[in-house]
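Here are some notes to read with the model open beside you. They go strand by strand, then turn to the pockets and the cysteines.

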Amino acid sequence: MKTFQTLSELAACVGEEVAVSDWLTITQAQVNLFADATGDHQWIHVDPEKAASGPFGAPIAHGFLTLSLLPQFFESAFEIVQSRMGVNYGLNKVRFTAPVPVGSRLRARMKLLACEPIDNDGVQMTWEVTVEREGATKPVCVAESLVRRYP
């Protein structure tokens, strides 16, 4: 995990890959809980037996489950000591570029694209987040995430 003391120290990294998160394993229980929370019980996610003979050969995580892990990836990748809080401000672009079979290990690479001042001495950061699956050559998700941080 990387540590930054201030928001301005992080802002100096615009244009760079800032951090890489820890690996996270996707479980069937996690997929089932996400299905319950969202009402998306499509068999490719929640029926391992049927999914084994489906197009992916196994149950896969919901794309939005993968996307919902972004805060956890950020949390494990770096900290800003003099920042009391962060807020998810939205997304500019998201692509689910490959399936995530249950049992996959994922991590995220974070590149800081922009960092602009906002009210209350905060900053709005634009991040390119590339979620990788261990052993795969293609990322599973690429998202442009907007995050606001405050000192």
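1. Start with strand S8 (141-150). Of its 10 residues, 8 are buried, so S8 is largely enclosed by the rest of the structure. "Buried" here is under 20% relative accessible area, "exposed" is over 50%, and "partly exposed" is what falls in between, with a 1.4 Å probe and protein chains only. Strands (E, at least two residues) and helices (H or I, at least four) are DSSP runs, numbered from the N terminus. Cys-141 is a good example of a covered residue, as its relative accessible area is 0% and it counts as buried.

2. Before going on, keep in mind that this is a predicted model: local features need pLDDT of at least 70 and side-chain atom pairs count only at pLDDT 80 or more, while totals for chains, interfaces and linings use all residues. Residues are numbered from 1 along each chain as its sequence is written, and side-chain values use heavy atoms, with hydrogens and water left out.

3. Which strands pair with S8? S5 does, running antiparallel to S8 and joined to it by 9 bridges. S7 does too, again in the antiparallel sense and over 9 bridges. Two strands count as paired if DSSP finds at least two bridges between them. On the S5 side, you can find Arg-95 opposite Val-142 of S8. On the S7 side, look for Gln-124 facing Arg-148 and for Val-129 facing Ala-143.

4. S7 itself (122-133) is mostly covered, with 10 of its 12 residues buried. Besides S8, S7 has S6 (residues 105-118) as an antiparallel partner, over 12 bridges. One pair to look up is Pro-117 with its bridge partner in S7, Val-123.

5. The S6–S7 connection deserves a look. These two strands form a hairpin with 3 residues between them. Asn-120 sits in that loop and has a positive phi of about 60° without being a glycine. Asp-121 is in the loop as well, and its phi is also positive, at about 65°, though it is not a glycine either. Most residues other than glycine have a negative phi. Are these two buried or exposed? Asn-120 is exposed, at 60% relative accessible area, and Asp-121 is exposed at 66%.

6. Now the loop between S7 and S8, where you will find Pro-139. Its relative accessibility is 24%, so Pro-139 counts as partly exposed. Leaving out neighbours within four places in sequence, Pro-139 is in contact (heavy atoms within 4.5 Å) with Thr-97, Ala-98, Thr-130 and Val-131. Lys-93 is 46 residues away from Pro-139 in sequence and 15 Å away in space, C-alpha to C-alpha.

7. On to the empty space. The largest pocket has a volume of about 450 Å³. Of the 19 residues lining it, Pro-71, Phe-74, Glu-75, Val-147 and Arg-149 are closest to its centre. A pocket is an open set of points on a 1 Å grid over the protein atoms alone, where a 1.4 Å probe fits, with protein on both sides within 12 Å along at least five of seven lines; lining residues have an atom within 4 Å of a point. Points are joined across faces, edges and corners, and the volume is the space filled by probe spheres set on them.

8. What builds the lining of that pocket? Helix H6 and strands S4, S5, S7 and S8 each give two or more residues, and S5 gives the most, with 5. By class, the lining has 12 nonpolar, 4 polar and 3 charged residues. Ala, Val, Leu, Ile, Met, Phe, Trp, Tyr, Cys and Pro count as nonpolar, Asp, Glu, Lys and Arg as charged, and the others, Gly among them, as polar.

9. The second largest pocket has a volume of about 190 Å³. It is lined by 16 residues, and His-45, Ile-60, Ala-61, His-62 and Gly-63 lie nearest its centre. Helices H3 (43-46) and H5 (63-68) each supply at least two lining residues, with the largest share, 3 residues, coming from H5. The lining divides into 11 nonpolar, 4 polar and 1 charged.

10. Last, the cysteines. How many disulfides are there? The count is 0, taking a disulfide as a pair of cysteine sulfur atoms within 2.5 Å. For Cys-115, the closest cysteine sulfur is that of Cys-13, and the 9.5 Å between them is too far for a bond.
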